[in-house]
Amino acid sequence: MMQIKTLLKIFLDQCQKNFDSKKYLLVFLIALTTLGIDQLLKWIFLQGFVLDSGFITFGGYALVFNKGVAFSLLEFLGESLKYLQLFLLLALFVFGIYNGLISRFFVAFGLIFGAGGSNVLDRFIHDGVVDYIYWHYGFEFAIFNFADVMIDIGIGIVMLSMLQSSKKSKTPKGV
């Protein structure tokens, strides 16, 4: 029991050391804005709005309820998937606080948490993620939504920033 208390204290001390209230407020605002935009767009397409061109379709026959994750993977998990995703978002949040990643990449994590939260919310409201964008020019791509794009952008920001910082650390001094 004493070991658990000690580990918890170490964990909380590390989290407190990495906590920047201004950046966490920005994370919250970015997440809330991303979630709001995504839910508004989904509502518009659920009301029947359709925009179709020669290469991309929004709504209409592109409107689907994805019961899996990307490319409908893990659909076999059914109802459990939404709880798994909720747990993964919470775990990412805790991990990000502990390692200081959220403070470092607050815009990216705001996008990821808002978009991920919106897609999980869909699972509770619609029993699947509302997807409505279908790319069909030159090749056919999976149907996706605004939140999926924001998650990709958030991950891209983190990856590019980490790649840049690793290149800077490998550059010899004086060059």
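**Exercise 1.** In this predicted model, classify Lys-42, at 1% relative accessibility, as buried or exposed, and identify the residue whose side chain it contacts.

*Solution.*
1. Buried means under 20% relative accessible area.
2. The value for Lys-42 is 1%, so this residue counts as buried.
3. Lys-42 belongs to helix 2.
4. Its side chain makes a polar contact of 2.5 Å with the side chain of Asp-122.

**Exercise 2.** Determine the exposure class of Leu-32 and name the surface patch members.

*Solution.*
1. The class between buried and exposed, from under 20% to over 50%, is called partly exposed.
2. Leu-32 has a relative accessible area of 48%, and is therefore partly exposed.
3. This leucine is located in helix 2, which covers residues 21–46.
4. Leu-32 joins Leu-25, Leu-26, Phe-28 and Leu-29 in a nonpolar surface patch. Together, these residues have about 470 Å² of accessible area.

**Exercise 3.** Compare the span of helix 5 with its expected value, and describe the residue just after this helix.

*Solution.*
1. Helix 5 comprises 21 residues, 106–126.
2. At 1.5 Å a residue, the expected span is 30 Å.
3. From first C-alpha to last, helix 5 reaches 29 Å, close to that expectation.
4. Just after the helix, Asp-127 adopts a positive phi of about 60 degrees.

**Exercise 4.** State where in the protein chain confidence is lowest and where it is highest.

*Solution.*
1. The chain has an average pLDDT of 86, and 86% of the residues score at least 70.
2. Confidence is lowest in helix 1 (residues 2–17), with a mean of 70.
3. Confidence is highest in helix 5, at 96.

Notes: Residues numbered from 1 in each chain as written. Predicted model: local features only at pLDDT ≥ 70, side-chain atom pairs only at ≥ 80, totals over all residues. Heavy atoms only, no water. Patch = residues over 30% accessible without salt bridge, like charges linked within 9 Å, V, L, I, M, F, W, Y side chains within 5 Å. Areas by Shrake-Rupley, 256 points an atom, 1.4 Å probe, with all protein chains shown as cover. Salt bridge = Lys/Arg side-chain N within 4 Å of Asp/Glu carboxyl O. Helix = DSSP H or I, 4+ residues; strand = E, 2+ residues; numbered from the N terminus. Buried < 20%, exposed > 50% of the residue type's maximum accessible area, 1.4 Å probe, protein only. Expected span 1.5 Å × (residues − 1). pLDDT = per-residue confidence, 0-100. Polar contact = N/O pair within 3.5 Å; in protein donor to acceptor, adjacent residues only side chain to side chain.
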